Amino acid sequence: MHAALRGPSDYSQEPARHPSLRINAKEPFNAEATRRDLAASYITPVDFFLKRNHGPIPIVHDINSYYVTISGMIDRPRKLSLDDIKKLPKYNVTATLQCAGNRRTEMSKTRKVRGVGWDVCALGNATWGGAKLSDVLRLIGLPYHTEISPSGGKHVEFTSVDQCPEEKGGPYKASIPLGHATNPAADVLVAYEMNGEVLKRDHGYPLRVVVPGVIGARSVKWLDRIDIIEEECQGFFMQKDYKMFPPSVDWDNIEWSARTPQMDYPVQSAICSLEDTNVIVPGEVNVTGYALSGGGRGIERVELSTNGGKSWFGAIRYQKDGVPYIAGDITSDKWAWVLFKAVVDVKGDTEIVVKAVDSSANVQPESVESIWNLRGILNTCWHRVRLSTMHNLRSFL
Ligand SMILES: Nc1nc2c(c(=O)[nH]1)N[C@H]1C(S)=C(S)[C@@H](COP(=O)(O)O)O[C@H]1N2
Ligand SMILES: [Mo]
């Protein structure tokens, strides 16, 4: 094992976290921002960025002797230091990382699912700075657009050092197809910066992988090894966790090998300016939130309804101030969410519904029942908030 980077076996050396986070599990630490904090900015401040862990946060003992081992089905294995990675061309990629478990709590309300519960904030949008994985792999003799290595490797596996109970104390690991890893346009990064600052421990210091447009589970933090392997990673999280089963499959009839692990996330949106518990004065209500889709697909429309989906009206989408958002245009951040806003005139008790349509015309499903799955992943049904109105406010004053 690595001496310079190590995963502790207990939670006595966790980093400090922002007090306003909503903690969904303490050990391992899993937390999300409040809806308002998350939607307040296009670039998510590190403090409010989703924190999703499966074990105690690793510690760097000596950054000067840290290296990442690149090995597996290649002729010349190599060890790369942080400086070696930093010598490669640096890219800044703005990409949203979304956990597949985002909105799991809501899915559990129809029928219980297993996993850490999350509201609608298990994601964040950051500008990641680092080397492209495609450039790192060129250093070991794999050219761009290699689908199969000369020795028959088809996947690139990332291994960390954190001690995860699901892996019986072993490290977290995941893989992506070699063709994806060696495609420079896929923008897969070996990142050392987040929002212009050195990566924080919670988010993978000293190096993490960022796979844009793909569920967060493949973006391995605290990188120890990169291995070229024959087939996809056989670790717990790839084989027995992040898979999407149909509603008919439950724990008594599950056959894990029947499905491949999830890669891209589907089109998603949620309202962040309101909570179900809000009691408001009738009148104009600001509705804001986020929408995103996987695989680099942009957001074509965000629509709201106040009559359960019988009719819809469009919300304004935006990323950068003063730059109109055009899905798929080079002026937009292809891997990033869009924020939306609209004003809704609320007269009495109202349910506000949001749904997004991506640039491939994929639409969010109406009901959670049709996409229910035992692990509670990829809940992307129309997001609803129920508002109660206070009609007699004056008489209270
Ligand atoms: N080493 C390691 N990498 C990991 C994980 C982990 O537990 N250990 N969790 C994964 C999951 S499921 C998600 S959603 C993202 C979350 O990244 P973040 O905590 O930086 O938001 O990290 C991924 N990478
Ligand atoms: Mo995740």
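The legends below describe close-up views of a predicted model.

**View 1. Ligand 1 and the residues that come nearest to it.** In this predicted model, 20 residues lie around ligand 1, and those that come nearest are L50, H54, D162, R208 and K221. From the backbone of L50, an N or O atom lies 2.6 Å from an oxygen atom of the ligand. Two side chains also place an N or O atom beside a ligand oxygen, that of R208 at 2.7 Å and that of K221 at 2.5 Å. On its own, ligand 1 has 530 Å² of accessible area, and the protein covers 100% of this area. The site that holds ligand 1 is the largest cavity.

**View 2. The open sheet of 4 strands, with antiparallel pairing.** The strand order across this sheet is β16-β18-β22-β21. Its edges are formed by β16, residues 268-271, and by β21, residues 316-318, each of which pairs on one side only. From one strand to the next, the twist averages 25 degrees. In a regular strand, side chains alternate between the two faces of the sheet.

**View 3. The pairing of β18 with β22.** Within the sheet of 4 strands, β18 and β22 follow one another in the strand order. Strand β18 covers residues 283-292 and strand β22 covers residues 338-346, and the two are joined in the antiparallel sense over 9 bridges. A pair of residues that can be used to find the register is V287 and A342, the latter being the bridge partner of V287 in β22.

**View 4. The open sheet of 3 strands and its hairpin.** The strands of this sheet are arranged in the order β2-β3-β4, and their pairing is antiparallel. Strands β2 and β4, the latter made up of residues 51-52, are the edge strands, and each of them pairs on one side only. Between β2, residues 22-25, and β3, residues 30-32, there are 3 bridges, and the two strands run antiparallel. A25 stands opposite N30 in β3, and the hairpin formed by β2 and β3 has 4 residues between its strands.

**View 5. Two cis peptide bonds, at P28 and at P206.** Most peptide bonds are trans, and these two bonds are therefore shown as departures from the common form. The bond from E27 to P28 is cis, with omega near -5 degrees, and P28 belongs to the loop between β2 and β3, the two strands of the hairpin in View 4. The bond from Y205 to P206 is likewise cis, with omega near 10 degrees. P206 is found in the loop that runs between β13, residues 197-198, and β14, residues 208-210.

**View 6. R103, a residue with a positive phi.** Although R103 is not a glycine, its phi is positive, at about 70 degrees. Most residues other than glycine have a negative phi, which is why this backbone conformation is singled out here. R103 is located in the loop between β8, residues 91-98, and α3, residues 104-110.

How values were computed: Residues are numbered from 1 along each chain as its sequence is written. Chains are lettered from A and ligands numbered from 1 in the order in which they are written. This is a predicted model: local features need pLDDT of at least 70, side-chain atom pairs count only at pLDDT 80 or more; totals for chains, interfaces and linings use all residues. Side-chain values use heavy atoms; hydrogens and water are left out. Two strands pair if DSSP finds at least two bridges between them. Axes are lines fitted to C-alpha atoms, for helices over the stretch in contact, and angles run from 0 to 180 degrees between N-to-C directions. A residue is near a molecule or strand if one of its heavy atoms lies within 4 Å of it. A polar contact is a pair of N or O atoms within 3.5 Å; within protein, one must be able to donate a hydrogen and the other to accept it, and residues adjacent in sequence count only if both atoms are side-chain atoms. Accessible areas come from the Shrake-Rupley method with a 1.4 Å probe; for residues, only the protein chains shown count as cover. On a 1 Å grid over the protein atoms alone, a cavity is a set of points where a 1.4 Å probe fits but cannot get out, and a pocket is an open set with protein on both sides within 12 Å along at least five of seven lines; lining residues have an atom within 4 Å of a point. A molecule sits in a cavity or pocket if more than half of its atoms lie within 2 Å of its grid points.
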